[in-house]
Amino acid sequence: MTAPEEKPPSEPPSDQPRTPRRSAAALASVLDQAASSLTNIAVLVIAARVSTVHGFATFSMVYLTFTVLLGLNMAYVGQAVVLTRDDTSAACRSASAFTSLASTVVGVLLAAVGAVTGVVTGSWAGLGGAFLALGLVLPLVLVQDGLRYAFSTLRRPGLALAADTLRLVCVVPALLLQPRHAAPGLLVAVWGVSAVPALLLGLRLLWPHVRGSRADLRPYVHRGHLGQRFVVEFAVGNASSQLAVLGLGLFAAPLAVGALRGATTLFGPLNVLFNSVNAFGPPLLNRLGGRRATTRAAALLGLVLSAVGLAWGLVLYALPDHIGRQLLGATWQLSADLLPASGAQYAVMGLGTCALVTLRVLRPRATLSVQVVFSLLSVVLMLAGYLLTGSALGAAWGLAAGSALKAVAAWTRVARLRLEEATPTAAVPAVPAN
């Protein structure tokens, strides 16, 4: 009698989809960040085409307000939730619930300010109507964007890509259909309402992963929440960049400001890569386990990003003038002179970004001091470079030096953590038995 043939063990049934491979997840993360960046670019370009000069200025102010609020939400909620290791379902549901509640409160305040402004000025075609519209649609756009971090925490970047792609597909035709010289408030309202399909899709895709979990908002209002430190980091970084623009406006010629902005615009694709690393790097590195594996993977990624930055800078430097003028117009000639400095800056930024992500995974509280000190130092070096050389090229090399020092400081902090782990604890001598 022969023994019965053993059947291979079947996988237990599950309502959850399989976790995607690392290569697929990384590709989806980059594509999702590209879709989000392209959406922002398309919104500004189309708004500029259908608005008057004053109308676009008003729209830009309101959109800048949204950008700041988006960054604050990313820092306080998004960056904290992607570091979650235990009970990710509850963490994602809590993050979405808090974003919904907080954005509603802020939206009501913005709508009230817009309404008062409209009544006082007697016109709803300016800032009053635009801020009123922003307040009404703020919960839609913030919650839709915040779902990206929930999907990152759940290791489902492909779901974020699906929702953000739908967002892009909806907002572009919605704005293109608006009449010429459309009021800023109308553009803001159309931009916000066009997020509804992507929001509904994102919530539908998120539901199977958070079903059965409970939302807990208490950690977000407790003292010591990690998001509080990340908000300070964002505020310092954002303030330093605004200070940099203000400093150049005060001490440099307008052409120098245009040249630096033009050079930075040419490196936009690298910003997509760096933003992807910041958004999706922590959960992927968390899967590696120990500090040694995490540090090695981050260092390798940093070298890759650095090489990509140098290569992209060389490609731009080798562009024929007629192609450069098609990209930047008359600003090309001034920006082309800054490409070596900007290429060097983005090369070291790749190393620094990976170092900060490593610290965020290994010891999240260690990034604040590095960000505060070296973000402000970059501004000082930029202004010093301009004052010493009298040109935008000196300012560009000052920014590159600041980014290099930040990268060195961040990797030095990572090395210290490695040394602390490697240092053995002093052995306690054993007590001989009687």
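Biologist: Why is tyrosine 220 called buried?

Modeller: Tyrosine 220 has a relative accessible area of 7%, and buried means under 20%, exposed over 50% and partly exposed in between, with a 1.4 Å probe and protein chains only, so tyrosine 220 counts as buried. The model is a predicted one, in which local features need pLDDT of at least 70 and side-chain atom pairs count only at pLDDT 80 or more, while totals for chains, interfaces and linings use all residues. Residues are numbered from 1 along each chain as its sequence is written, and side-chain values use heavy atoms, with hydrogens and water left out.

Biologist: What makes the pair of phenylalanine 98 and tyrosine 220 stacked?

Modeller: The ring centres of phenylalanine 98 and tyrosine 220 are 4.6 Å apart and their planes stand at 15°; rings of Phe, Tyr and Trp (its six-membered ring) pair if their centres lie within 6.5 Å, and planes under 30 degrees apart count as stacked, over 60 as edge-to-face and the rest as tilted, so this pair is stacked. The pair joins distant parts of the chain, since phenylalanine 98 lies in helix H3 (residues 88–121) and tyrosine 220 in helix H8, 122 residues apart; helices here are DSSP runs (H or I, at least four residues), numbered from the N terminus. Phenylalanine 98 is buried, as is tyrosine 220.

Biologist: The structure holds eight aromatic pairs; why is the pair of tyrosine 76 and tyrosine 220 called tilted?

Modeller: The two centres are 6.4 Å apart and the planes make 40°, an angle that fits neither the stacked nor the edge-to-face limit, and therefore the pair is tilted. This pair, too, links distant parts of the chain: tyrosine 76 is in helix H2 (residues 53–81) and tyrosine 220 in helix H8 (residues 218–221), 144 residues apart. Tyrosine 76, with a relative accessible area of 17%, is buried.

Biologist: How do you know that aspartate 145 forms a salt bridge with arginine 148?

Modeller: Their closest N and O atoms are 3.1 Å apart, and a salt bridge is a side-chain nitrogen of Lys or Arg within 4 Å of a carboxyl oxygen of Asp or Glu, so the pair qualifies. Both residues lie in helix H4, three residues apart, about one turn of the helix. An α-helix has 3.6 residues a turn, so residues three or four places apart point the same way. Aspartate 145 and arginine 148 are both buried.

Biologist: Which residue in helix H5 also pairs with arginine 148?

Modeller: Aspartate 164 forms a salt bridge with arginine 148, with closest N and O atoms 3.2 Å apart. The pair links distant parts of the chain, aspartate 164 being in helix H5 and arginine 148 in helix H4, 16 residues apart. Asp32, Asp145, Arg148 and Asp164 are linked in a network of salt bridges.

Biologist: What is the exposure class of arginine 218, and why?

Modeller: Arginine 218 has a relative accessible area of 56%, which puts it above the limit for exposed, so arginine 218 is exposed. Its side chain meets that of aspartate 216 in a salt bridge (3.0 Å, N to O), whereas aspartate 216, at 28% relative accessibility, counts as partly exposed.

Biologist: How do you know that the span of helix H7 is close to the expected one?

Modeller: Helix H7 (residues 196–210) has 15 residues and reaches 20 Å from its first C-alpha to its last; the expected span is 1.5 Å times one less than the number of residues, which gives 21 Å, so the two values are close.

How values were computed. Helix = DSSP H or I, 4+ residues; strand = E, 2+ residues; numbered from the N terminus.
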